[in-house]
Amino acid sequence: MQSLNVKIPAAEKNCPIIIDNNDIPALYGEVVDITGKNNCLAVISEKVFKLYGNFLNLPKERIFILKDGEKEKNLKTCQKILERALKLNLTRKDYIIAAGGGVCGDIAGFAASVYMRGIHLIQIPTTLLACVDSSVGGKTGVDTKWGKNLIGSFYQPDCVLINTNFLKTLDDRQFKTGLGEVVKYAFIEKSCGCSEDFGLINYLSLNSGKILSRSSKTLEELIKICISLKISVVEKDEKEGNLRKILNFGHTCAHAIEKLTNYRKYTHGEAVVKGIEFAFDFAYKRGDILESYKFVAEDLIKKYNFKKIPDFDIKKVLPAMKLDKKAESGGIVFILPSDCASVKEYKMVDNEILKYFC
Ligand SMILES: NC(=O)c1ccc[n+]([C@@H]2O[C@H](COP(=O)([O-])OP(=O)(O)OC[C@H]3O[C@@H](n4cnc5c(N)ncnc54)[C@H](O)[C@@H]3O)[C@@H](O)[C@H]2O)c1
């Protein structure tokens, strides 16, 4: 078992993160240790409920089954969760538990943040992406027809319970989606300001076999490294005023690709990997990095055999990049590699970008 802790002074919350590979039913005891005699409403992803059953031993009315897919991450579903909580008379002392991937964690977390202006929240992430990224750091939200995650809040959970056994039933594509975010951490490691040096680029290069075969011990270690890096960033900048922007490495381009393909053709992680490749190419063309470092990145990405996204016409992608909610007036914000495992933020107007690609 590995244990970490997020301390965000402004949120006045300490959030323990427990990573283990006990049998899934043991989670029931872990949850009861936290919630005590208080009531709970569990928002459980439909697929997770089908695969693992009622592992939290809750009565039917205390389980909200969340249908599968990003399209469910909307205000209407959130309202249904809130109405169920009201029907159950949950008070601020009670708990909402999110058990599922990032979709489940984001919507249940948002519901928890607005229910009576904030009810307790436990995250039980069941996808690799949710384990290494979305369950930690306190970003919650829902999508609207105007874009993804445009309505949301910063709301830290009381606890994150990670069990690597869930990852055994992920299909290959979903597993790789999480690995896309893992690779991102490797290239930003030194900029995260973490006191420990993990050498994640090397770690990923040396352990690709064990990671791809989902060795529990290796996954536990890998998740611990990624979360340590995320905590290091989030503790310094919870609300993305500055440093937290580095977590968007690869994402300016990824969000544009996802938008242009209606969020259907590629998973988020696949788009992030393409975004990372774009960022390396861009930084190399600008003269920010040596060719040898670009090759290191390309070799690492090759080892994980991500789904290939064809090259795109930058003129078509630029307008979509400007629609990203992280875009700022006066230019598009890019996080680009600057040195080994380090990145820097740049704001650029169209011409500054186009001259390297046309
Ligand atoms: N809050 C944040 O900081 C943050 C960060 C990154 C991404 N996100 C959000 O996360 C979401 C994507 O998350 P995701 O990739 O986990 O997608 P997801 O939640 O849609 O899960 C992917 C698929 O895996 C299935 N699944 C979940 N657990 C499983 C298991 N153990 N075994 C088999 N199948 C399982 C789900 O039912 C779903 O079909 C997006 O909405 C994105 O905006 C949030």
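How many nonpolar, polar and charged residues does the shell around the ligand have? The legends below take up this point and others for a model that is predicted.

**View 1. Composition of the shell around the ligand.** In this predicted model, the ligand is surrounded by 26 residues, and by class these comprise 7 nonpolar, 10 polar and 9 charged residues. The closest residues to the ligand are Asp68, Glu70, Thr126, Thr127 and Thr169.

**View 2. Helices and a strand that supply the shell.** At least two residues of the shell around the ligand come from each of α2 (46–52), α4 (102–114), α5 (128–134), β8 (147–154) and α6 (172–188). Of the contributors, α2 gives the most, with 4 residues in the shell around the ligand.

**View 3. Polar atoms facing the ligand.** Two threonines place polar side-chain atoms beside nitrogen atoms of the ligand: for Thr126 the distance to a ligand nitrogen is 2.7 Å, and for Thr169 the distance to a ligand nitrogen is 2.8 Å. The protein backbone takes part as well, with a polar backbone atom of Val103 lying 3.0 Å from an oxygen atom of the ligand. Taken alone, the ligand exposes 870 Å², and the protein buries 90% of that area.

**View 4. A nonpolar patch on the surface.** Leu75, Trp146, Leu150 and Ile151 make a nonpolar surface patch of about 420 Å². One of these residues, Leu75, belongs to helix α3, which covers residues 75–87. Why can Leu75 count towards such a patch? Leu75 has a relative accessible area of 43% and is partly exposed, and because a patch residue needs over 30% relative accessible area, Leu75 passes that cut-off.

**View 5. Positive phi at Asn262 and Tyr263 in the loop between α10 and α11.** Most residues other than glycine have a negative phi. Asn262, although not a glycine, has a positive phi of about 55°, and its place is in the loop between α10 (251–260) and α11 (268–286). Tyr263, also found in the loop between α10 and α11, is likewise not a glycine and has a positive phi of about 60°. Are these two loop residues exposed or partly exposed? Asn262 has a relative accessible area of 52% and is therefore classed as exposed, the cut-off being over 50%, whereas Tyr263, at 35% relative accessibility, counts as partly exposed.

How values were computed
Residues numbered from 1 in each chain as written. Predicted model: local features only at pLDDT ≥ 70, side-chain atom pairs only at ≥ 80, totals over all residues. Heavy atoms only, no water. Near = heavy atom within 4 Å. Polar contact = N/O pair within 3.5 Å; in protein donor to acceptor, adjacent residues only side chain to side chain. Areas by Shrake-Rupley, 256 points an atom, 1.4 Å probe, with all protein chains shown as cover. Nonpolar A, V, L, I, M, F, W, Y, C, P; charged D, E, K, R; others polar. Patch = residues over 30% accessible without salt bridge, like charges linked within 9 Å, V, L, I, M, F, W, Y side chains within 5 Å. Salt bridge = Lys/Arg side-chain N within 4 Å of Asp/Glu carboxyl O. Buried < 20%, exposed > 50% of the residue type's maximum accessible area, 1.4 Å probe, protein only.
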